[in-house]
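The following exercises ask the reader to work through a protein structure step by step. Each task is followed by its solution.

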Amino acid sequence: MARFSLLEWPVLRQFRSGDPTGRGSSVTSAKTRATTPRTSTADAVVKSVCPYCAVGCGQNIFVRDNKVVQIEGDPDSPISRGRLCPKGAASEQLVNAPSRVTQVLYRAPRATDWQTLDLETATDMIADRFLEARRKHWQDTDEHGSPLRRTMGIASLGGATIDNEENYLIKKLFTAAGAIQIENQARI
Ligand code: SF4
C-alpha cells in the first residue's frame, strides 16, 4: 500500500494546486487522471440522428477501427443543439450490445421456429403483401356511388424510433396508396 504523504492531505492539495474550492483537479484520483475519453482516440466522427424517438436529436458517432466507440450529442444540430436525453446518450449500447439482432427473422404461419432471411427477400415479401392487401380491400365508391378511392386493407402504426422526416415520408407513401388509418406511436 502506498504511504500517505501529508502533502496529499485534501485541504493542502486544494491550495497547492490552485483549486481552493476543491471542485477541480485537486479532487481527481490518479486513476481518473490516467483515463482518456474514447472520443479523443477516435479515427473519425460521423453525423447521425438518434434512432430512438421522433424528436430526431443530432448525434456525433465516434468511430475507431470501423467500430462505433462512442455517441454524443451534435452541437451543430438545430433540433437538439448538442443535447441527448439518457436514452440517446446510451445508444452506443444499442449499437454494440452482444444480444443485438442483426438479421431479418421470419416465422412462417403455423411454424414454431424462426428462419433468417436476406433483406432483399424480406423486403419483397412485405411489398407483395402490401400490394395484395391494398388491391383486395380497395373501395372505389360507397353505396351511393360517391367516390371513396381508399383501401381498408392496410394501415400504418409508426414506431417511436421513427423520426419526423421518416414519419413525413411514411404519411405520404400510405396516403398515396389509399390508406386512411395512419398513426404514430409517439402520439398515442
Ligand atoms: S430518444 Fe432522446 S436523444 Fe433520442 S431523439 Fe428522442 S429525445 Fe433525442
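The exercises below concern a predicted model and treat its ligand shell, its helices and its paired strands.

**Exercise 1. The ligand shell**

Determine which residues surround the ligand and how they divide by class.

*Solution.* Step 1: list the shell. The residues around the ligand are Cys 50, Tyr 52, Cys 53, Val 55, Gly 56, Cys 57, Leu 84, Cys 85, Lys 87 and Gly 88.

Step 2: sort the shell by class. It holds 7 nonpolar, 2 polar and 1 charged residues. The cysteines count as nonpolar and glycine as polar under the classification used, and lysine is charged.

Step 3: relate the shell to another part of the chain. Leu 84, one of the shell residues, lies 54 residues from Trp 138 in sequence, and their C-alpha atoms are 43 Å apart.

**Exercise 2. Length and faces of helix α5**

Check the length of helix α5 against the rise per residue, then establish where its buried residues lie around the axis.

*Solution.* Step 1: compute the expected span. Helix α5 comprises 18 residues, 119–136, and at 1.5 Å a residue it should span 26 Å. The expected span is 1.5 Å times one less than the number of residues.

Step 2: compare with the model. The end C-alpha atoms of α5 are 26 Å apart, which agrees with the expectation.

Step 3: identify the buried residues. In α5 these are Ala 122, Met 125 and Ala 133. They cover an arc of only 60 degrees around the axis, and therefore sit on the same side of α5. In general, an α-helix has 3.6 residues a turn, so residues three or four places apart point the same way.

Step 4: examine the other side and the cover. Glu 120 and Arg 135 are exposed on the other side of α5. The cover over the buried residues of α5 includes strands β4 (104–106), β5 (115–117) and β7 (147–158).

**Exercise 3. Length of helix α6**

Apply the same length test to helix α6 and describe the backbone just after it.

*Solution.* Step 1: the 13 residues of α6, 164–176, should span 18 Å at 1.5 Å a residue.

Step 2: the end C-alpha atoms of α6 are 18 Å apart, in agreement with that value.

Step 3: just after α6, Gly 178 adopts a positive phi of about 100 degrees. Gly 178 is also among the contacts of Trp 138.

**Exercise 4. The hairpin of β2 and β3**

Describe how β2 and β3 pair, and state which residues with positive phi occur between them.

*Solution.* Step 1: establish the pairing. Strands β2 and β3 are antiparallel and share 6 bridges. Ile 61 stands opposite Ile 71 in β3.

Step 2: assess burial. Strand β3 is mostly covered, with 5 of its 7 residues buried.

Step 3: inspect the turn. The hairpin has 2 residues between its strands, and Asp 65 in the turn has a positive phi of about 55 degrees. Asn 66, in the loop between β2 (58–64) and β3 (67–73), has a positive phi near 60 degrees. Most residues other than glycine have a negative phi.

Step 4: classify Asn 66 by accessibility. Its relative accessible area is 81%, so Asn 66 is exposed, the threshold being over 50%.

**Exercise 5. The loop between β4 and β5**

Characterise Arg 110 and Gln 115.

*Solution.* Step 1: Arg 110 lies in the loop between β4 and β5 and has a positive phi of about 70 degrees although it is not a glycine. At 81% relative accessibility, Arg 110 counts as exposed.

Step 2: Gln 115 belongs to strand β5 and is partly exposed at 39% relative accessibility.

Step 3: beyond four places in sequence, Gln 115 touches Val 104, Leu 105 and Tyr 106. The C-alpha atoms of Gln 115 and Val 104 are 8.3 Å apart, with 11 residues of separation in sequence.

**Exercise 6. The hairpin of β6 and β7**

Describe the pairing of β6 with β7 and the surroundings of Trp 138 and Gln 139.

*Solution.* Step 1: β6 (residues 138–141) and β7 run antiparallel and are joined by 3 bridges. Thr 141 stands opposite Pro 147 in β7.

Step 2: the hairpin has 5 residues between the two strands, and Gly 145 in the turn has a positive phi of about 85 degrees.

Step 3: Trp 138, in β6, is partly exposed at 32%. Beyond four places in sequence, Trp 138 contacts Arg 149, Arg 150, Thr 151, Ala 177 and Gly 178.

Step 4: Gln 139, also in β6, is partly exposed at 27%. With the same exclusion of sequence neighbours, Gln 139 touches Leu 148, Arg 149, Arg 150 and Met 152.

Note on methods. Residues numbered from 1 in each chain as written. Predicted model: local features only at pLDDT ≥ 70, side-chain atom pairs only at ≥ 80, totals over all residues. Heavy atoms only, no water. Near = heavy atom within 4 Å. Helix = DSSP H or I, 4+ residues; strand = E, 2+ residues; numbered from the N terminus. Buried < 20%, exposed > 50% of the residue type's maximum accessible area, 1.4 Å probe, protein only. Arc of directions from axis to C-beta. Contact = heavy atoms within 4.5 Å. Pairing = 2+ DSSP bridges.
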